[in-house]
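Subject: Structure for you to look over, with notes

Dear colleague,

I am handing over the structure that follows, and I would be grateful if you could read the notes below it with the model open beside you.

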Amino acid sequence: MSSKNEPRLSKAERTAQAREQAKVIRDAQIKAEKRKGWLIRGGVLAAAVVIIVIIALVVINTQKANEPVADSGPVAANMNAYGGITLGKGDTVVAPTTTEKTVDVNNLGAAPTAPAEKAFDLDKIGIEASATGKPVQTVVYLDFLCPVCNQFEKTYGEKLDTLRNDGKITVEYRPLGFLDRLSSGTNYSSRSGAAAACVADTSPNSYKKFLDILFVNQPAENSKGLDNATLKKYATEVGAADISSCVDAKTFRPFMANTTGLTSVHGINGTPTVFMDGQQWQTPETFDDFMTRILAAKK
C-alpha cells in the first residue's frame, strides 16, 4: 500500500510518538548505565578482593618470617657445632671433629661487656694451629648481607680455592647473622645462613657453589634481602637437593643463632673475620701478607 493512502498523524500524535520513542531510548540508556555501573562495581570489588588476598598473604608470610626462633635445634650434618663447614680439595668436605648433635643458645655464656680488640679462647671454638705437615686451618666468618665479605670473597676467594686444591690449606666457612637488623625485618643474614646449612646437611659438595651464588646475587643492606623462594631456587640451580622443607621449617635457624651468639662470646665483633693457623688477621697487615707469613712459617 502506498504511504499516500496512510492516515496523516496529527501534530499532537506526532509529538506523543516522539516522546514515546525518546522514553524508549532513555530507558535503554538507563539500563545500559546500570549494567555498566554493576560491571564497574564488580570489577572494583574483584580487584579489592585480590588486593586483600595479597595483603593477607604478605602479612601471613611476614608473621611466619618473624615467628620466634627456638632456643635449641640440630647441628647440620657435615658442619661442626661452631657453625662451620670445612672444605678440602675439590670442594670435598672434611668431616667435622665435634660430636654435638644439637645446640642451645642458653648454654652460650656471657659476652664481654666491652668490645674485644681481638678474639680470645679460640681453642674453645675449634680454632687452633694445624699439626706439622697438615693443611693450614683457615676459618672465615662471614655474613651473606655483608658487602665487605663479598669483596673479600671476590678478591681472595680464588686464591684460597687454589691453596685449598693444592692441599696447603683447608677453608672453613662460618656464616653469621650479624646484619639481620639491616634487612628490613626479614632477618636475611640468618635466613640465608640457615639455607646454606640446609645445603650442607644434604648436599655438602654444593655448599661452595651456593655460597658463591649468594654473593653474586647479594642484596643491598637495608633491603628485605632475597626471599626464601629465591634461596630455594638458587640451591637447586647449584645442584643441591630440594631444601624447601628445611627452609620452611626454619630447621637451622637455632643453629645460626647459636653460631652468632658464640662469636660474640669469644670477641668476634664483625665480618669478615679470618683466622689462619690459629692466628687472627688484623689490619693494617694486608691479607696477602698475612697468608704469606702464615704459610711461610709452616714450611
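What is the volume of the largest cavity? The largest cavity has a volume of about 30 Å³, and a search of the whole structure finds one cavity of 30 Å³ or more. Please keep in mind that this is a predicted model, in which local features need pLDDT of at least 70 and side-chain atom pairs count only at pLDDT 80 or more, while totals for chains, interfaces and linings use all residues. Residues are numbered from 1 along each chain as its sequence is written, and side-chain values use heavy atoms, with hydrogens and water left out.

On terms, a cavity is a set of points, on a 1 Å grid over the protein atoms alone, where a 1.4 Å probe fits but cannot get out, whereas a pocket is an open set with protein on both sides within 12 Å along at least five of seven lines; lining residues have an atom within 4 Å of a point. Grid points are joined across faces, edges and corners, and a volume is the space filled by probe spheres set on the points.

The lining of the largest cavity is made by Val-140, Leu-142, Cys-149, Phe-152, Glu-153, Phe-215 and Pro-272. Strand S5 and helix H2 are the elements that give two or more residues to this lining, and H2 gives the most, with three residues (helices, H or I of at least four residues, and strands, E of at least two, are DSSP runs numbered from the N terminus). By class, the lining has six nonpolar, no polar and one charged residues, where Ala, Val, Leu, Ile, Met, Phe, Trp, Tyr, Cys and Pro count as nonpolar, Asp, Glu, Lys and Arg as charged, and the others, Gly among them, as polar. Pro-272, one of the lining residues, follows a cis peptide bond from Thr-271, with omega near -5°, and is placed in the loop between helix H7 (253-265) and S7.

The sheet is open and has six strands in the order S3-S2-S6-S5-S7-S8, with mixed pairing (two strands pair if DSSP finds at least two bridges between them). Strand S3 (93-94) and strand S8 (279-280) stand at the edges with a single partner strand each, so one side of each is left without a neighbour in the sheet. Strands S5 (residues 136-142) and S6 (residues 169-175) run parallel and are joined by seven bridges, with Gln-137 opposite Thr-170 in S6. Helix H2 (residues 147-165) packs on the sheet, where it touches strand S2 (85-87), S5, S6 and strand S7 (273-276), and its direction makes about 150° with that of S6; axes are lines fitted to C-alpha atoms, for helices over the stretch in contact, and angles run from 0 to 180 degrees between N-to-C directions.

H2 also packs with helix H4 (residues 207-216) at an angle of about 145°, their axes being 10 Å apart. Cys-149, Asn-150, Glu-153 and Asp-161 of H2 and Lys-208, Leu-211, Asp-212 and Phe-215 of H4 make this contact (heavy atoms within 4.5 Å), and its residues divide into three nonpolar, one polar and four charged.

The second largest pocket has a volume of about 430 Å³. Of the 20 residues that line this pocket, Thr-86, Thr-97, Gly-126, Gln-137 and Glu-172 are the closest to its centre. The largest share of the lining, three residues, comes from S6, and the lining divides into eight nonpolar, nine polar and three charged residues.

Two backbone details remain. The peptide bond from Thr-283 to Pro-284 is cis, with omega near 15°, and Pro-284 lies in the loop between S8 and helix H8 (287-298). Asp-121 has a phi near 50°, a positive value in a residue other than glycine, and lies in the loop between strand S4 (102-104) and S5.

With best wishes
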